[in-house]
Amino acid sequence: MRRHTLALDPTARRRAEEERILHTTTGPVRVDVLGELAWAIGDPDLLRWLLTDHRVVKDRRRYGDRPDPGRPTAHDQAHHRIRDLLAPVFAPDRPDVLPVTVERNTSALLADLSENDDPIVDLRAAYAVELSVRVLADLLGIPADGRGVFRRALDRMLEDSAATSDPDVRAMTEFMSAATAGESGPAETLVLAIGHEALVNLIGSAIAALLVAPEQRGLVRAGRATWSDVVEETLRVAAPMSHHRLMRYAVEDIELPGGRTIAKGDVILPSYGAASNNPKYAGADSTVFDVTRADKSHLAFGHGTLACPSARLARIACRTALVGLFGLFPAIELAVPAATLEPSPSLFGNGHAALPVYLHGRR
Ligand code: HEM
């Protein structure tokens with residue numbers, strides 16, 4: 001058992017080391033999350049168990065003995081409202097809406113990229129971020145002249161989730177409130193921003209994985225793996241949310257299998273990254289990216305009733321982005337050594353700060 005508190009690195013540079021600690025420690029690990037103590041759960045079985053336990057809630061205000069951190073908490077109503085807001089997007093009678101919206105935006109972005117004369121292009125900014133913003137804005141019905149506000153509001157919420165008085169965040173929250181008959185608040189804007197961040201990270205990490213290991217791309221080209229295998233293996237090895245920004249809280253003492261106890265009022269940090277690439281699922285080489293791996297099970301989209309309702313969207317968007325990019329630019333290469341790619345500086349999100357490439361190879 002680990003005795004000391006592990007201070008999670010907000011720059012993400014020590015993530016691999018942190019995941020190793022979560023993999024090798026039995027049970028929850030005491031962590032410091034930007035000054036707040038929590039129990040990180042990186043064991044997939046324990047995480048599933050806790051996420052479906054009625055004594056574990058997402059609403060900080062369900063118990064009154066902890067000061068409000070001054071940021072939106074995902075109170076129970078907010079889960080329903082954001083799901084209601086997204087419901088028309090996922091309506092089963094409009095199954096083609098997602099692929100059509102994603103295809104249209106991917107094609108437009110690829111057309112822009114093919115006209116880009118810059119020798120080096122940052123695909124995180126020019127492709128992953130753009131695709132996510134445009135697809136989400138289209139699906140939510142945000143008019144063209146509101147896209148700038150939308151993008152800035154998402155960025156501000158991720159920088160500082162207490163930035164509810166920021167003019168762009170207020171404008172975005174008002175827009176969403178109007179779309180949900182006055183039901184939305186800052187918590188909904190934050191949940192949307194987290195979804196955007198995750199989608200950007202997924203697209204970027206999948207592209208990076210194939211650029212760093214071109215032989216994996218070769219396996220897809222040779223028909224030995226599919227683009228969906230690439231998406232699932234990326235979700236497994238590099239879950240886009242290492243830890244979820246909205247934590248969980250124990251409303252009663254919870255005795256864990258093995259005898260330890262998470263006390264009433266304790267904070268629980270779902271560590272989806274460590275749980276997904278845990279050797280318990282995939283064996284000793286669990287952190288190696290291998291598109292031919294038979295079992296790609298992961299928890300990247302969460303588990304239980306509050307699991308991600310946008311998993312289908314994320315999978316379609318990432319697959320379409322990969323097919324389009326590698327189809328149009330077969331000679332694409334990283335413009336920097338793989339070892340110098342920096343993680344995006346986030347304790348929660350797991351992606352790259354930038355993804356500089358030569359679209360047509362080093363010419
Ligand atoms: C690769 C992309 C994505 C990943 C990996 C991801 C991951 C997750 C995870 C792990 C959860 C569970 C959170 C928890 O346990 O508290 C979640 C919930 C959620 N996600 Fe996603 N997400 C992604 C994209 C999106 C997008 C694009 C949207 C918005 C359109 C979205 C909206 C939501 C919502 C509404 C919830 C439920 C929040 C709640 O009920 O409290 N996600 N997501």
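Of the 89 residues in the largest nonpolar core, which touch the most other members? The legends below, all for a predicted model, begin with the whole chain and then take up this question.

**Figure 1. Overview of the predicted model.** The protein comprises 13 helices and eleven strands. Of its 363 residues, 42% are buried. Among contacts with a separation of 6 or more, 72% are between residues 24 or more positions apart.

**Figure 2. The largest nonpolar core and the surroundings of Ile-203.** This core holds 89 residues, and those that touch the most other members are Ile-203, Ala-206, Ile-207, Ile-268, Ala-317 and Cys-318. Helix H8 gives the most to the core, with 16 residues. In soluble globular proteins, nonpolar side chains tend to be buried together. When neighbours within four places in sequence are set aside, the contacts of Ile-203 are Ala-128, Leu-131, Ala-317, Cys-318 and Ala-321.

**Figure 3. Packing of helix H8 against helix H10.** The axes of H8 (residues 186-212) and H10 (residues 227-237) are 9 Å apart and cross at an angle of about 105 degrees. The two helices are therefore roughly perpendicular. On the H8 side the contact is made by Leu-202, Ser-205, Ala-206, Ala-209 and Leu-210, which meet Val-230, Val-231, Thr-234 and Leu-235 of H10. By class, the residues of this contact are seven nonpolar, two polar and no charged. Ala-206, one of the H8 residues in this contact, is also among the core residues that touch the most other members.

**Figure 4. The six-stranded open sheet.** The strands lie in the order E1-E2-E3-E9-E6-E4, and their pairing is mixed. Strand E1 (6-7) and strand E4 (56-57) form the edges, each pairing on one side only. E2 (residues 29-33) and E3 (residues 36-41) are antiparallel and share five bridges, with Val-31 opposite Ala-38 in E3. E3 and E9, by contrast, pair in the parallel sense over three bridges. Strand E9 (residues 267-270) is in turn joined by two bridges to strand E6 (residues 248-250), and these two run antiparallel.

**Figure 5. Ile-268 of strand E9 and its bridge partners.** Ile-268 in E9 is the bridge partner of Trp-39. Arg-248 also stands opposite Ile-268. Ile-268 is, in addition, among the members of the largest nonpolar core that touch the most others.

**Figure 6. Asp-59 and Arg-248, distant in sequence.** The C-alpha atoms of Asp-59 and Arg-248 are 7.3 Å apart in space, although the two residues are 189 residues apart in sequence. Asp-59 belongs to the loop between E4 and helix H3 (76-86). Asp-59 counts as partly exposed because 18 other C-beta atoms lie within 10 Å, short of the 20 required for a buried residue.

**Figure 7. Two loop residues with positive phi, Ala-12 and Leu-34.** Ala-12 is not a glycine, yet has a positive phi of about 70 degrees. Ala-12 is found in the loop between E1 and helix H1 (15-24) and is buried, with 22 other C-beta atoms within 10 Å. Leu-34 has a positive phi near 50 degrees and sits in the hairpin of E2 and E3, where two residues separate the strands. Leu-34 counts as exposed, since there are 11 C-beta neighbours inside 10 Å.

Definitions and conventions. Residues are numbered from 1 along each chain as its sequence is written. This is a predicted model: local features need pLDDT of at least 70, side-chain atom pairs count only at pLDDT 80 or more; totals for chains, interfaces and linings use all residues. Axes are lines fitted to C-alpha atoms, for helices over the stretch in contact, and angles run from 0 to 180 degrees between N-to-C directions. Helices (H or I, at least four residues) and strands (E, at least two) are DSSP runs, numbered from the N terminus. Angles under 35 degrees count as roughly parallel, over 145 as roughly antiparallel, 65 to 115 as roughly perpendicular and the rest as oblique. Two residues are in contact if their C-beta atoms, placed from the backbone, lie within 7 Å. Ala, Val, Leu, Ile, Met, Phe, Trp, Tyr, Cys and Pro count as nonpolar, Asp, Glu, Lys and Arg as charged, and the others, Gly among them, as polar. Two strands pair if DSSP finds at least two bridges between them. A residue is buried if 20 or more other C-beta atoms lie within 10 Å of its own, exposed if 12 or fewer, and partly exposed in between; C-beta atoms are placed from the backbone. A nonpolar core is a set of buried Ala, Val, Leu, Ile, Met, Phe, Trp, Tyr and Cys residues joined through C-beta atoms within 7 Å.
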